[in-house]
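Got a minute to walk through a structure with me? Have a look first, and then we'll take it question by question.

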Amino acid sequence: SRDGTIMAHRVQFEASNDIGVFSMLTNKYALVSLAGSENFYSVFEAELAEHIPVVHCSIASSRIIGRLTVGNKNGLLVPSTATDQELLHLRNSLPDDVVVQRVEERLSALGNVVACNDHVALVHPDIDRETEDIIADVLGVETFRHAVAGNALVGSYCVFTNQGGMVHPMTPVEEQDELASLLQVPLVAGTVNRGSDVLGAGLVVNDFAGFCGIDTTSAELNVIQSIFRLDTGATTGAATDIQDALRSLVGWGM
């Protein structure tokens, strides 16, 4: 439904709102945990299947695929604990030009320690130099070691696409501006799932579709659709208005 007005969908994984734990989404492919109900998978399938493959998988025999992997249109990185069989399945299921590679990294929940789009990546300040090189090489991105609102887990506390991004609600305005200039996309500070600041767990989004936990409020959904430009009528002006509104809400102790 690329032509529809609502492009961000509320969804639940079994009884969990943390859909970003059990799925990951890029402009070239989507991964969905093997163990979920068919219903969870079918929401992704209905929205995405015309455009990109939606792949059922596990990583290291685990369901938490969204926290263990990081990827974009160029590649997919998985931890060293991923099995040969899982790797083979991913390579067979993803488009041929997507490079799938294992990474030997102590901080093995790659989805928590890296946030990226198709051009840039924010990485945990303590990530191995070698891992940073692999991220740059396989994902074809420029990397920046950075924290978000004092949190080193950049993949948990910010989500961004080629269109825009959302950061932890307590990110100072100066830091938002600095990050926006590094990433070259507009940013807002915001929440998902009725006030959760763990954005990576509650939201997966690409340049044409988004999915968030079922507890996400209408106000949160509006911000998501606007900043990620999923609502075709949204403009950067609207995003700025929302940013101002959010800042005043934060000022009122939102």
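Q: How far is the sulfur of C158 from the closest cysteine sulfur?
A: Keep in mind that this is a predicted model. The closest cysteine sulfur to that of C158 sits in C116, and the gap is too far for a bond. A disulfide would need the two sulfurs within 2.5 Å, whereas here the distance is 9.9 Å.

Q: How many disulfides does the structure hold?
A: A disulfide is a covalent bond between the sulfur atoms of two cysteines. C158 can't make one, because even its closest cysteine sulfur, in C116, is too far away. For the structure as a whole, the number of disulfides is zero.

Q: Is C212 buried or exposed?
A: A residue counts as buried when its relative accessible area is under 20%. C158, at 3% relative accessibility, passes that test. C212 comes in at 0%, so C212 is buried.

Q: Which strands are at the edges of the open sheet that has β12 in it?
A: Three strands make up this open sheet, with mixed pairing, in the order β11-β12-β13. An edge strand here is one that pairs on one side only. That fits residues 158-160 and residues 187-189, which are β11 and β13.

Q: In which sense do β12 and β13 pair?
A: Strands of a sheet pair through backbone hydrogen bonds, either parallel or antiparallel. Strand β12 covers residues 165-167 and is joined to β13 over three bridges. One bridge partner pair is G165 with L187 of β13. The sense of the β12 and β13 pairing is parallel.

Q: Which helix lies across β11, β12 and β13?
A: Helix α10 (residues 218-227) packs on the sheet too, but the strands listed for its touch are β12 and β13, and its direction makes about 135° with that of β12. The helix we're after spans residues 173-183 and runs at about 150° to β13. That's α8.

Q: Why are the buried residues of α2 on the same side?
A: In helix α2 (residues 38-48), the buried residues are F40, Y41, F44, E47 and L48. E38, N39 and A46, on the other side, are exposed. The buried ones share a side because the arc they cover around the axis is only 140°.

Q: What share of the residues of the protein chain counts as buried?
A: The protein chain has 11 helices and 15 strands. About 10,500 Å² of it is exposed, with carbon and sulfur atoms supplying 50% of that area. Out of 254 residues, the buried share is 55%.

How values were computed:
Residues numbered from 1 in each chain as written. Predicted model: local features only at pLDDT ≥ 70, side-chain atom pairs only at ≥ 80, totals over all residues. Heavy atoms only, no water. Buried < 20%, exposed > 50% of the residue type's maximum accessible area, 1.4 Å probe, protein only. Helix = DSSP H or I, 4+ residues; strand = E, 2+ residues; numbered from the N terminus. Arc of directions from axis to C-beta. Areas by Shrake-Rupley, 256 points an atom, 1.4 Å probe, with all protein chains shown as cover. Pairing = 2+ DSSP bridges. Contact = heavy atoms within 4.5 Å. Axes fitted to C-alpha atoms, helices over the stretch in contact; angles between N-to-C directions.
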